[in-house]
Amino acid sequence: MKADPEWLHQQTMNSLLWLSATKEHPLGSWLNNCLQQHLCLSDKRLEQNLLGINFANPIGLAAGFDKDGIAANIWSSLGFGFAELGTITYHSQPGNPRPRLFRLPLDQAALNRMGFNNSGAAAVAARLKQDKLEITSSVSSPKGINLGKSKITPLEDAAQDYLESFRLLKDVGDYFVVNVSSPNTPGLRSLQDASLLSSILDVLQQENTSQKPLFVKIAPDLEWEAIADIIHLAQTYNLAGLIATNTTISREGLKTQIIEQTGQPPQAEAGGISGAPLRDRSTEVIKFIYQQTQGQMPIIGVGGVFTTEHAWQKITAGASLIQVYTGWIYEGPLMVKRILTGLLGKLEEHSLNSISEAVGMENR
């Protein structure tokens with residue numbers, strides 16, 4: 001019998017937790033150095049300073065993998081230029097009933113309906129503060145923190161819920177993301193509506209006295225008009241940028257007929273699809289945002305990145321940074337270095353001196 005994807009994920013996180021806890025000890029330090037030698041690639045041409053944050057390279061870990069920030073100090077050793085932790089809610093919550101994570105290998109995709117399972121903002125804040133005290137090495141990649149609404153909080157109280165989380169976490173994240181686009185919390189996507197979203201952004205920016213960069217993560221299933229409304233809101237509230245995109249509720253074009261664990265077709269299963277089926281749509285959304293903002297609003301592109309070509313398409317469409325999740329699961333830990341090596345080749349091919357020169361190139 002095939003192992004349950006969520007069980008495999010938990011084993012991976014347990015290993016990374018151990019590595020994080022022993023990072024300063026001889027064995028942990030040695031293993032960490034081995035990982036860096038094999039999985040990291042350092043090159044000035046891949047570096048960017050964006051929103052006052054230094055990114056060693058443009059490839060980051062997407063939210064949803066390290067939900068509780070337990071491996072926050074390890075992701076840079078696996079080659080990532082940054083990592084987004086969460087989604088974190090104010091109240092701790094177990095998430096949706098299992099099974100809730102499925103691989104769709106025929107589609108190079110995953111279906112998840114995790115439901116923001118996490119230990120809550122207070123617990124994550126305490127852990128990240130402790131991490132800061134314990135880690136003596138200066139090498140630490142930027143950390144984003146993805147904030148979601150607690151399931152038990154009514155939609156009309158959503159703004160206060162996001163605010164309470166932000167208050168607890170604002171000192172331990174380099175940037176923050178308002179996640180109103182997961183399909184796995186009832187009613188959450190309705191918060192993408194301009195009037196509801198503005199109430200959330202308003203209270204967060206009032207609290208945001210240290211001016212931490214704030215992003216909104218949007219769904220790929222929105223109409224262009226709704227995306228344009230969110231762009232306008234982002235400009236009104238002086239947001240740092242947008243993340244395009246979250247998982248899709250579309251089941252169009254899937255090759256998978258039946259999901260083995262449930263005996264049901266994907267069309268009969270709730271949840272969001274990530275991976276290859278999302279690739280083209282997320283790139284289209286990136287391009288639309290870039291064009292609508294004349295390239296003045298930073299975009300983090302995510303959805304279906306498995307290769308250099310996929311990353312390059314998103315960067316030239318307008319994404320300054322790229323995030324991966326499903327691709328990393330399928331391609332393995334060498335994927336990040338492989339993509340970065342390929343990006344250096346692309347820069348040479350186009351006679352460019354830095355990755356920032358390639359951002360939005362296709363639109364010019």
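Q: Which residues of α3 are buried?
A: In this predicted model, local features need pLDDT of at least 70, side-chain atom pairs count only at pLDDT 80 or more, and totals for chains, interfaces and linings use all residues. Residues are numbered from 1 along each chain as its sequence is written, and side-chain values use heavy atoms, with hydrogens and water left out. Buried stands for under 20% relative accessible area, exposed for over 50% and partly exposed for what lies in between, with a 1.4 Å probe and protein chains only. By that criterion the buried residues of α3 are Ala121, Val124, Ala125, Leu128 and Asp131.

Q: Within what arc do the buried residues of α3 fall, seen down its axis?
A: The arc is taken from the directions that run from the helix axis to the C-beta atoms. The buried residues of α3 line one face of the helix, because they fall within an arc of 120°.

Q: Against which elements do the buried residues of α3 pack?
A: Helices (H or I, at least four residues) and strands (E, at least two) are DSSP runs numbered from the N terminus, and contact requires heavy atoms within 4.5 Å. On these terms, the buried residues of α3 pack against β4 (82-88), β7 (143-147) and α4 (158-169).

Q: Which helix gives the largest share of the largest nonpolar core?
A: A nonpolar core is a set of buried Ala, Val, Leu, Ile, Met, Phe, Trp, Tyr and Cys residues joined through side-chain atoms within 4.5 Å. The largest one has 80 residues, and Ile59, Trp75, Tyr162, Leu169, Val178, Val216 and Leu343 touch the most other members. Its largest share, seven residues, comes from helix α10 (residues 335-349).

Q: Why is Cys40 not bonded to the closest cysteine sulfur, and how far away is that sulfur?
A: A disulfide is a pair of cysteine sulfur atoms within 2.5 Å, and the count by this rule is zero. Cys40 is partly exposed, because its relative accessible area is 23%. The closest cysteine sulfur, in Cys34, is too far from that of Cys40 for a bond, the distance being 12 Å.

Q: Is Ser182 buried or exposed?
A: UniProt, in an unreviewed entry, lists Ser182 for "active site", although such annotations may be inferred rather than shown by experiment. Ser182 is placed in the loop between β8 (175-179) and α5 (194-207), and, not counting residues up to four places away in sequence, Ser182 touches Phe116, Leu188, Arg189 and Asn246. Because its relative accessible area is 6%, Ser182 counts as buried.
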